[in-house]
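Trainee: I would like a close look at the salt bridges in this model. Please take them one pair at a time.

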Amino acid sequence: MIKISPKTLQDLEFPTVALQVSEYCNTDKGKEKAIHIVPFTEKELLLEALEMVNEYKSSFLQDARIPNHGYDSIDNELKLLGIENTFLEANHLKKIVSLNLTVNELLHFFSKKVELYPILAQFSREITFTTDIIRSIEVIIDKFGEVKNSASPALQNIRRSILSVQGQLNGSFGRDLNRYSAAGVLDEIRETVVDNRRVLAVKAMYRRKVKGSILGSSKTGSIVYIEPEATRNYNNELSNLLYEEREEVIRILKKLTNEIRPYQEILVSFQEYLSDIDIIAAKTKYAESMDGLLPKISENRDLHLKDAYHPLLLLNNKEKGNTTYPQTIGLNEDSRIIVISGPNAGGKSITLKTVGLLQVMLQSGMLVPVHEYSRMCLFDTIISDIGDNQSIENHLSTYSYRLKNMNYFLRKCNNRTLFLIDEFGTGSDPELGGALAEAFLEVFYKREAFGIITTHYANLKMLANELPAITNANMLFDTKSLKPLFKLHLGEAGSSFTFEVAQKNGIPYSLINKAKKKVERGKIRFDKSIADLQKERSKLVKTRTKLDTEASKAGSEKERLEKINDRVQKKLESYQELYDANQRLIYLGTKVKGLSETYFKTKKKKPVIDEFMKVLEIENVKMKQQTAKQRKAEKTKQEKAQKEVEQKVEVIRQEKKKQKEAEKAKAVEKPKPILKVNDRVRMQDGKAIGVIDSIEKGKATIDYGMFTTNVSIDLLELVQRKK
C-alpha cells in the first residue's frame, strides 16, 4: 500500500499544484475534488488513472474529440429526493435531464471508440446507461422548463379557463380605460400596475367618479390608483384559478418526483462520473500548459529524469518570460543516494524539490514535464525534511524538530522509500551534527532506500565518495563571475565557494584571510581542491563544447560541399550527353543533306538508298555498343557499392572483435597486492588518497589528513608503496 504523509505534500508545495489543476475544471464538484487531490494508495488504480489522463491528452490530436462533460450540480435536488413527500420543481427536473443526456452522450461515444480510448471506455462501462429518467420527465416538462398542458386533463381545463378569464379581464379593463380617458378623469400615464394588478391612474380630484377599489396613490398624492369594479371581479376569479393551477402542478410534480426517486443512486453515480471526467480533463490541460507527458513506468527501482522541470517554477517563469533550467538526474540500484553540495543559491533545493514534486504528481495520476526518454518507478513511501521547520506550538527548535523527523525516517525507511532531506545535519554544532548526519545516512544506505540530500558537510561528501551506491553531485558555478549555472553535475562534490563569494561581495581580504586562519588547514585545502577541480572541469566543459561545435560545423560544411560537388558532376555529365547527342544529329544532318544534293544532281535512287542504308547500319551498331556500355557501367556501379558495404561491415566486425578482446583482457583479474602499513591507498572507484595507519582483522585505518576511517581491505586499491 502506498502512503505519502501530508507533511511531505506541504514540503513539496503539492497543494499549490492541486489548486492550479482545479482552475482548469469546468464544474464546481470537479474543482472541489481537484483541490483535495492526493496520491493514490493502490498501484492498479494509479496506473489506470495515468492511462486515462494520457488517453484524454491523445484526444487533442484525434478527429474523434471527447464530447463536453460540463453540467450543473444537482446536490440540492439529490437531498430533496432523499426526503419523503418532497417534490422537485420543473427547472430542477430539467437539470436532471441535462445531466442524464451529457452522461449518455459520453457513454455512447466511448462505446464506439474503444480502440482509441480503451481505459476510458472501461471506466465508463461501470456507469448505467438509461433513458427512462429522460422519457419520464420530458412527458411532463417542456423544453422551456414548464409543466406541459397535457400533463393532466385537470391542468388542461384550468389553463383554458385562465386564458378565458384573462381575455375577459383585459377586455373589461380596456373598455373602462377608454371610457374614463374620454371623460378626462385620468392622468397622462392613464394606467399602471400595483401588486401585479392593472389599475387606472385617476386624478385625485376625480376619484369619486370612478367605481372600484383604491390600491394606492403617488408620492405627491395627485394620482390615485383605482382597480375598476368589473376588473376586480375578474382578478379574483383569476387568482382562484391560478391557485388551482399551482395545486395541480404540485400534484403532478410530486407524482413525477416519486417516479424519479428510485433512480437516486444512479443520479449520484452520474454526477460522480462527470466530476471524475472533469478532473481527468483538468489534469490533461494542466499537463498541456507545461508540455507534460507520461514517462515509462519501470517495474524495477529505476528513476531517470531527463530534462525535468519544476512545474511551479516553469509556469511562473513562463508567465514572466524568464528562462527555466531543466535538470537530468537518476537513481538506481547502483546509485541509490545522491549527495548534492555546492554554494547557496545554486539550485540544490530546487533540484531536490523537482524530483520529489514530480514523483508525487506522478503518483497522484498527473503527467509530468520531462523528456519522453525519462523513466520513473513507484515508491510506497516518500518522506521529506525541507525548510526550517521550527515548531513554535510544541516549543521545539529547528534541530530538535529535525531530530524528531529523523526518528520518523528511521521507522519508515526501507527499500521502497524515497527520502528527500535539504541541508542535512544543520542546526547544531557542525562537527557533532555532521557526525550524527553521517550515522543516519549509513542507516538509510544499509536499508537500501533511495534518496537525495543537500549538504555543506565535508564528511558526508567523503562518505559519498567511499560507499559505492552513493554519488556525489554539485550545482555548477561560473568560476569567474561566481554566478550559478543551475545545472547539476554528477560524480563530484561541490565547493561552497565561501571565501570566493565573500571576496566577490566586497568583504575585505584581510578579514577573509583572518577567517581562513581560524579554520583547519586541511578543511580549507580540501574545499580549495574541490573548487580547483570544479574550475578545471568548467574549462574542460567549455573546451569540449567549443570543439564539438567546430566539429559539427566542419561536418556540415563537408556535407554541403559534397552535395555541391555531386550536383556539379551530374550537370557536367548531362552537358556531355547533350553535347554528344547534338554532334550525332549534326553528323546525320550533314549526311542526309549530301545524299539529297547527290540525288538532285544525278536523279539516281539506288546509290543514294545504298549510301543511306550504310549510315543507318553504322548508327545501329553505335546504339548497340552504347547500350552495352551503359549496362557495363551500371554493373560496375553496383559492384562498387556492394564492395563498399562489405568493407564497412568488415570494419564493424573488427571493432566488435577488438571490443570483446578488450573485455576479456579486463575480465582477467590481476593478483591483488598485499597492503602494508604506510602504503598510499584509495577506495575502489574513489578519488581521495590516504595512508594506512594500521591493519587489524581484515580492516585498515586510513588517515586522510582531516580525519581517519576504518575500511575493509577488500575495498582498497594500492596507489603507492611506502618508501
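Mentor: A residue is called buried at under 20% relative accessible area, exposed at over 50%, and partly exposed in between, using a 1.4 Å probe and protein chains only. The model is predicted, so local features need pLDDT of at least 70 and side-chain atom pairs count only at pLDDT 80 or more, while totals for chains, interfaces and linings use all residues. Residues are numbered from 1 along each chain as its sequence is written, and side-chain values use heavy atoms, with hydrogens and water left out.

A salt bridge here is a side-chain nitrogen of Lys or Arg within 4 Å of a carboxyl oxygen of Asp or Glu. The whole structure holds 21 salt bridges by that search.

Take arginine 301, which is buried at 10% relative accessible area. Its salt bridge partner is glutamate 448, with 3.9 Å between the closest N and O atoms. Arginine 301 sits in the loop between β6 (296–297) and β7 (303–308), and glutamate 448 in the loop between α15 (430–446) and β13 (450–454), so the pair ties together parts that are 147 residues apart in sequence. Helices (H or I, at least four residues) and strands (E, at least two) are DSSP runs, numbered from the N terminus. Glutamate 448 is partly exposed, with a relative accessible area of 38%.

Next, aspartate 679 and arginine 721 form a salt bridge at 2.7 Å, N to O. Aspartate 679 belongs to the loop between α20 (605–667) and β16 (680–683), and arginine 721 to the segment after β20 (716–720), so this pair ties together parts that are 42 residues apart in sequence. Aspartate 679 is buried, at 0% relative accessible area, whereas arginine 721 is partly exposed at 36%.

In the third pair, lysine 95 bridges to glutamate 77, and the closest N and O atoms are 3.2 Å apart. Lysine 95 is in helix α6 (residues 90–112) and glutamate 77 in helix α5 (residues 75–81), so parts 18 residues apart in sequence are tied together. Lysine 95 counts as partly exposed at 27% relative accessibility; glutamate 77 is buried at 3%.

Some salt bridges also join up: Lys29, Lys33, Glu272 and Asp276 are linked in a network. Glu272 and Asp276 fall within the residue range of helix α11 (residues 264–289). The 26 residues of α11 should span 38 Å at 1.5 Å a residue (1.5 Å times one less than the number of residues), and the end C-alpha atoms of α11 are 38 Å apart, which agrees.
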